[in-house]
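Thank you all for coming. I would like to walk you through one model this morning, going from the overall fold to the sheet, the interior and finally the cysteines.

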Amino acid sequence: MQTVLFHETIFGPIHSRRLGSSLGVNLSPVDGKVCSFDCLYCEAGYNAQGPGRSGLPRRADVARLLEDKLKSMVADGTPLDVITFSGNGEPTMHPDFAGIIDDTIALRDRYFPSVKISVLSNSTRLHRPDVVEALKKVDNNILKLDSARDRTVELLDRPVDPRYSVADVIEGMKQFAGQLIVQTMITRGSHDGVEVDNSTDDEIDALIDAYRQIAPREVMIYTIDRLTPERSLCHVGRDELDRIAARITDATGLTVQVSG
């Protein structure tokens, strides 16, 4: 069974298709997965692997490990574009997420003041004021919306909470008054005999309507780049992604970044 990718709290830097030279911060266990989605395409595997035994990293340990890494990068002259919260699950589920963001901003300002801070989130915690206020402080608040249809999200992203609603997520995204990036994975395939496809004209039309409501500063669309737990999912070609991006921009006027 495919399992977690990241066995450290601070990892990298690695090259990100969308963000450049990225130092990762993993607020999930280093030997398991904790997430409010169970996506068919998650490179860290399914939630069924369990949360492991290490537990969530403590706030003080995250700050110490991050400072140690930033110090060594400064000493070595290692370039850095962004500090990115991602890892083996949903970072905003950490109970000290807001405090960790404050610590990270302070450390960034001390060691790499020109570096951006990014958070990759699945948008399931936007009902929490502390999470929203923390996300407002970061440079790149990147929030997932893979479909504007509940049924497609149920099939592709598989929310753990049965109360998940796309309408609620859209309302949550509006709280940022445009200071967010919406990220959408485009793929197709099947799971347990059920077709999953968010690349159809109807799906893109629904997303366009959602993007209009949210009015983000940018949309990112991308596709599968690595091994996924559901092996039937397809990489969508760059030409098709470019056509989808052009359609979104023509309909909304939004900037669309494509990674394919």
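Let me start with the contacts: among those in the protein chain between residues at least 6 apart in sequence, 72% join residues at least 24 apart, where contact means heavy atoms within 4.5 Å. I should say at once that this is a predicted model, in which local features need pLDDT of at least 70 and side-chain atom pairs count only at pLDDT 80 or more, while totals for chains, interfaces and linings use all residues. Residues are numbered from 1 along each chain as its sequence is written, and side-chain values use heavy atoms, with hydrogens and water left out.

As for overall dimensions, the C-alpha trace spans about 50 × 40 × 35 Å along its principal axes. The radius of gyration is 18 Å, which agrees with the value near 18 Å for a compact globule of 260 residues; the radius is taken over C-alpha atoms, and the globule rule is 2.2 Å times the number of residues to the power 0.38. Of the 260 residues, 54% count as buried, buried being under 20% relative accessible area, exposed over 50% and partly exposed in between, with a 1.4 Å probe and protein chains only.

The chain has 7 helices and 10 strands, these being DSSP runs numbered from the N terminus, with helices H or I of at least four residues and strands E of at least two. An open sheet of 8 strands follows the order S1-S2-S3-S4-S5-S6-S9-S10, with mixed pairing, and two strands pair if DSSP finds at least two bridges between them. Strand S1 (10-16) and strand S10 (256-259) stand at the edges with a single partner strand each, so one side of each is left without a neighbour in the sheet. Within the sheet, strand S3 (residues 82-86) and strand S4 (residues 116-121) run parallel and are joined by 4 bridges, with Lys116 in S4 as the bridge partner of Val82.

Turning to the hairpin, strand S7 (residues 188-191) and strand S8 (residues 194-197) run antiparallel, again joined by 4 bridges, and His191 stands opposite Val194 in S8. There are 2 residues between S7 and S8, and Asp192 in the turn has a positive phi of about 50°.

What does the interior look like? The largest nonpolar core has 69 residues, and those with the most contacts inside it are Leu145, Met173 and Ile221; such a core is a set of buried Ala, Val, Leu, Ile, Met, Phe, Trp, Tyr and Cys residues joined through side-chain atoms within 4.5 Å. Helix H6 (residues 201-214) gives the most to this core, with 6 residues. A second, separate core of 5 residues includes Leu19, Val82, Ile142 and Ile181.

A polar residue to look at is Asn141, found in strand S5 (residues 140-144) and buried, with a relative accessible area of 1%. Leaving aside neighbours within four places in sequence, Asn141 is in contact with residues including Val119, Phe176 and Gln179.

Finally, how many disulfides does the structure hold? The count is 0, a disulfide being a pair of cysteine sulfur atoms within 2.5 Å. For Cys35, the nearest cysteine sulfur is that of Cys39, 6.4 Å away, and Cys35 counts as buried at 18% relative accessibility. The sulfur of Cys42 is 6.2 Å from the closest cysteine sulfur, in Cys39, which is too far for a bond.
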